[in-house]
Protein chains: 2
Amino acid sequence: MKLDKIITSPSPWLEPGGPHDDIVLSTRVRLARNVAGRPFLNRLPPDEQQELEAYLKKAVLAAMKPDKYTWFELEDMPQVDRQCLVERHLISHELAAGKGERGVAVGPKQRIAIMANEEDHLRLQVYSSGLQLQEAWQEADAIDDRLEAQVIYTFSPKLGYLTACPTNVGTGLRASVMLHLPALVLTRQIEKVFNAVSRLRLAVRGLYGEGTQATGDVYQISNQASLGHTEQEILKTLGTVISQIIAYEKEARDALAAESPTALDDRLLRSWAILTHARVISSEETLALLSAVRLGIHLKRLKGVDIGTINDLFLMTRRGHIQKMRGAELGESERDVARADYIRKRLGTN
Amino acid sequence: MKLDKIITSPSPWLEPGGPHDDIVLSTRVRLARNVAGRPFLNRLPPDEQQELEAYLKKAVLAAMKPDKYTWFELEDMPQVDRQCLVERHLISHELAAGKGERGVAVGPKQRIAIMANEEDHLRLQVYSSGLQLQEAWQEADAIDDRLEAQVIYTFSPKLGYLTACPTNVGTGLRASVMLHLPALVLTRQIEKVFNAVSRLRLAVRGLYGEGTQATGDVYQISNQASLGHTEQEILKTLGTVISQIIAYEKEARDALAAESPTALDDRLLRSWAILTHARVISSEETLALLSAVRLGIHLKRLKGVDIGTINDLFLMTRRGHIQKMRGAELGESERDVARADYIRKRLGTN
């Protein structure tokens with residue numbers, strides 16, 4: 001599959017239809033692995049990094065069905081393409097900004113990505129739509145087994161998998177759930193929820209890790225500790241907390257609809273109105289408005305708007321995608337115009 | 001004509017069709033007069049005030065065609081009705097908030113209003129649509145002659161007409177022009193213009209005298225001095241300045257359209273979008289949005305929107321009118337909802 005095709009296709013972590021998809025956008029399971037007998041990346045000389053990448057590419061394509069996976073080299077990839085892959089969560093900021101030979105294998109439907117020469121030698125990640133921690137984990141585990149048939153991992157019987165950063169030692173597992181929590185934000189309960197989450201040693205980040213509210217009320221919650229617990233324990237703790245947050249968000253949504261329906265409708269309809277009429281719109285404003293519209297659809301207060309289109313716009317209106325679709329590097333003000341045009345086109349109000 | 005009918009009719013100072021109606025909403029000429037041999041209002045005992053009001057009512061109706069004029073007593077008028085008359089500029093804040101017997105005669109099409117027992121015994125005012133200083137003055141002058149056939153004015157051969165406040169002594173004339181200056185505000189030239197205006201001893205006020213920007217970019221410019229100049233001199237000075245301001249505003253509009261058409265369209269279309277979608281809207285926001293839409297129509301960038309409706313909404317969305325139309329006293333948040341409903345109804349997007 002060509003990169004351009006990937007960048008214009010819907011992304012699985014935004015497709016509706018998964019469990020709890022009114023609140024949970026997607027589930028991600030990521031495993032960090034390193035090849036035995038080789039230094040970690042930060043100590044690897046350039047020529048060995050190049051050799052390692054070739055080795056990993058071969059191993060990954062041997063382990064997986066090579067006709068279903070596409071390997072992309074990062075080193076010579078244009079900046080805008082790297083940006084798009086980051087926006088799609090197919091690669092990390094670190095891989096995009098890294099140096100030297102490094103790559104990523106992208107699997108069917110963009111649900112699986114295996115990065116080579118990121119912080120660790122291998123980072124494999126599986127995305128599922130909605131809340132599917134067990135399913136994503138089992139899939140990642142199966143891929144891990146296939147990779148292990150090709151590669152000998154560094155593994156300590158006492159500590160588990162060894163990784164470049166101590167936070168990943170042990171299982172090498174990071175499970176994260178992407179949640180849309182507009183009602184908790186609107187009712188000013190989000191801080192309280194996040195404080196409780198932190199005490200359970202879970203991490204909260206924004207849509208792209210910024211951790212700010214200005215990212216469409218989308219938050220990723222993931223385990224911080226990878227050591228000292230089995231994979232199932234990690235998944236169970238996370239799953240329990242996520243279920244509680246889902247319940248809180250639902251409560252907050254119902255309360256908004258019951259207690260201040262007119263103020264709520266005002267917010268939803270103004271957001272829709274601006275999205276469908278603006279000629280210039282920033283990335284941040286877009287996310288904030290999309291968030292309100294998404295809430296409105298799920299509360300059945302905004303009718304006739306396709307949720308898949310709204311979800312897709314969370315991604316397609318990002319900086320890289322806007323430029324990729326225009327086929328040109330654009331300055332900020334040009335992007336803001338192109339973004340507004342694109343949104344109106346997608347919402348059928350051009 | 002009944003008060004309720006007046007309050008639901010279009011107001012002449014907002015009807016399009018007058019000269020320069022893209023920029024000038026209306027022209028007003030006001031004359032202040034007092035009856036000879038009677039103390040000014042601030043020194044008038046209550047029983048004499050009552051007697052004077054009866055006398056003035058009789059005189060005014062005798063001078064004018066009584067079948068075309070309706071006399072309204074202010075003293076027992078509900079607060080919301082007084083508020084509506086102020087919003088229509090048929091009476092002053094002072095008359096609405098005053099004490100004791102006082103009244104107003106409203107003439108055909110709400111173009112003429114003659115107040116009794118305001119600051120002066122008589123205040124007669126004539127409204128014309130667009131820029132019509134001479135026409136409004138001639139009409140006021142003719143009415144003044146008819147009143148003078150019924151009433152002997154206090155007049156000093158040396159000073160001219162005597163009035164309660166020294167600023168009105170002399171001609172008793174205040175001519176004022178209501179201008180819509182959104183482009184001068186947007187391009188930050190308005191302060192410069194107003195500074196120049198002040199140096200010419202002209203006064204600038206907002207739509208309802210507040211003098212703030214938050215009143216839909218509508219400003220009233222009027223003469224300050226009434227003494228030492230003939231009526232024609234006063235009108236000439238004001239007319240010259242108004243013509244210059246019209247030219248500046250036109251220039252600013254053309255510059256906006258030529259230099260930043262997309263940013264301009266963004267502002268116009270967002271304003272239209274919010275007006276047609278909001279469920280809760282304040283009075284101040286309404287005026288700001290109406291101002292942008294009005295600019296858009298006159299620049300031919302917003303098509304298919306009736307200018308008469310937009311002008312009318314400047315008035316009909318005021319606090320008093322919103323309550324009058326609902327037939328109930330409403331708190332601020334109730335008004336904001338009723339206002340949004342009314343706007344959508346008028347703009348055909350309910």
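A polar contact here is a pair of N or O atoms within 3.5 Å, where one can donate a hydrogen and the other can accept it. Keep that in mind for the first stop on this tour of a predicted model.

**Around helix H11 of chain A**

Asp312(A) sits in helix H11 of chain A. Its side chain and that of Arg346(A) are joined by a polar contact of 2.9 Å. With a relative accessibility of 10%, Asp312(A) counts as buried, because the cut-off for that label is under 20%. If you skip residues up to four places away in sequence, Asp312(A) touches Pro10(A), Ser11(A) and Arg346(A).

Which helix does H11 of chain A pack against? Helix H10 (residues 283–298) of chain A has an axis that comes within 10 Å of the axis of helix H11 (residues 307–316), and the two cross at roughly 155°. H10(A) is therefore roughly antiparallel to H11(A), since angles over 145 degrees earn that description. The crossing of H10(A) past H11(A) is left-handed. On the H10(A) side, the residues that meet H11(A) are Leu287(A), Leu290(A), Ser291(A), Val293(A), Arg294(A), Ile297(A) and His298(A). Their counterparts in H11(A) are Ile307(A), Ile310(A), Asn311(A), Leu313(A) and Phe314(A).

Ile307(A) and Asn311(A) turn up again when you look at Pro16(A), which touches both of them along with Asp21(A), Ser129(A) and Gly308(A), residues up to four places away not counted. Pro16(A) belongs to the loop between helix H1 (3–8) and strand E1 (24–33) of chain A, and is partly exposed at 38% relative accessibility. In sequence, Pro16(A) and Gly308(A) are 292 residues apart, yet their C-alpha atoms are 6.1 Å apart in space.

**A threonine in helix H9**

Next up is Thr276(A), in helix H9 (residues 261–277) of chain A. Is Thr276(A) buried or exposed? Its relative accessible area is 4%, so Thr276(A) is buried. Its side chain turns to the backbone for polar partners: a polar atom of that side chain lies 2.8 Å from the backbone oxygen of Trp272(A), and the side chain also reaches the backbone oxygen of Ala273(A) at 3.1 Å. Setting aside neighbours within four places in sequence, Thr276(A) is in contact with Arg344(A), Leu347(A) and Thr349(A).

**A glycine in chain B**

Over in chain B, Gly130(B) lies in the loop between strand E5 (122–129) and helix H5 (133–148). At 0% relative accessibility, Gly130(B) is buried. Who surrounds it? Leaving out neighbours within four places in sequence, Gly130(B) is in contact with Gly18(B), Pro19(B), Val24(B), Leu25(B), Ser26(B) and Thr27(B). Arg28(B) is 102 residues away from Gly130(B) in sequence, with a C-alpha to C-alpha distance of 9.8 Å.

**Salt bridges**

Side chains of opposite charge can pair when their charged atoms come close. How many salt bridges are there over all chains? The count comes to 37. Here are some of them, with the distance between the closest N and O atoms.

| Basic residue | Acidic residue | Closest N–O distance |
|---|---|---|
| Arg102(A) | Glu75(A) | 2.7 Å |
| Lys324(B) | Asp81(B) | 2.6 Å |
| Arg326(B) | Asp341(B) | 3.5 Å |

The Arg102(A) salt bridge with Glu75(A) links distant parts of the chain, 27 residues apart: Arg102(A) is in the loop between helix H4 (93–97) and strand E3 (103–106), and Glu75(A) is in the loop between strand E2 (70–73) and helix H3 (79–87). Arg102(A) is buried at 2% relative accessibility, whereas Glu75(A) is partly exposed at 35%.

In chain B, Lys324(B) forms its salt bridge with Asp81(B). Lys324(B) is in helix H12 (residues 319–326) and Asp81(B) in helix H3 (residues 79–87), so this pair ties together parts that are 243 residues apart in sequence. Asp81(B) is buried, at 7% relative accessibility.

Arg326(B) and Asp341(B) pair up too. Here the link runs from helix H12 to helix H13 (residues 332–346) of chain B, with the two residues 15 apart. Arg326(B) is partly exposed, with a relative accessible area of 46%, and Asp341(B) is partly exposed at 24%.

Back in chain A, salt bridges that share partners join Glu118(A), Glu119(A), Asp120(A) and Arg123(A) into one network.

How values were computed. Residues are numbered from 1 along each chain as its sequence is written. Chains are lettered from A and ligands numbered from 1 in the order in which they are written. This is a predicted model: local features need pLDDT of at least 70, side-chain atom pairs count only at pLDDT 80 or more; totals for chains, interfaces and linings use all residues. Side-chain values use heavy atoms; hydrogens and water are left out. Helices (H or I, at least four residues) and strands (E, at least two) are DSSP runs, numbered from the N terminus. Buried means under 20% relative accessible area, exposed over 50%, partly exposed in between (1.4 Å probe, protein chains only). Contact means heavy atoms within 4.5 Å. A salt bridge is a side-chain nitrogen of Lys or Arg within 4 Å of a carboxyl oxygen of Asp or Glu. Axes are lines fitted to C-alpha atoms, for helices over the stretch in contact, and angles run from 0 to 180 degrees between N-to-C directions. Angles under 35 degrees count as roughly parallel, over 145 as roughly antiparallel, 65 to 115 as roughly perpendicular and the rest as oblique. A crossing is left-handed if the near helix is turned anticlockwise from the far one by less than a right angle, and right-handed if clockwise.
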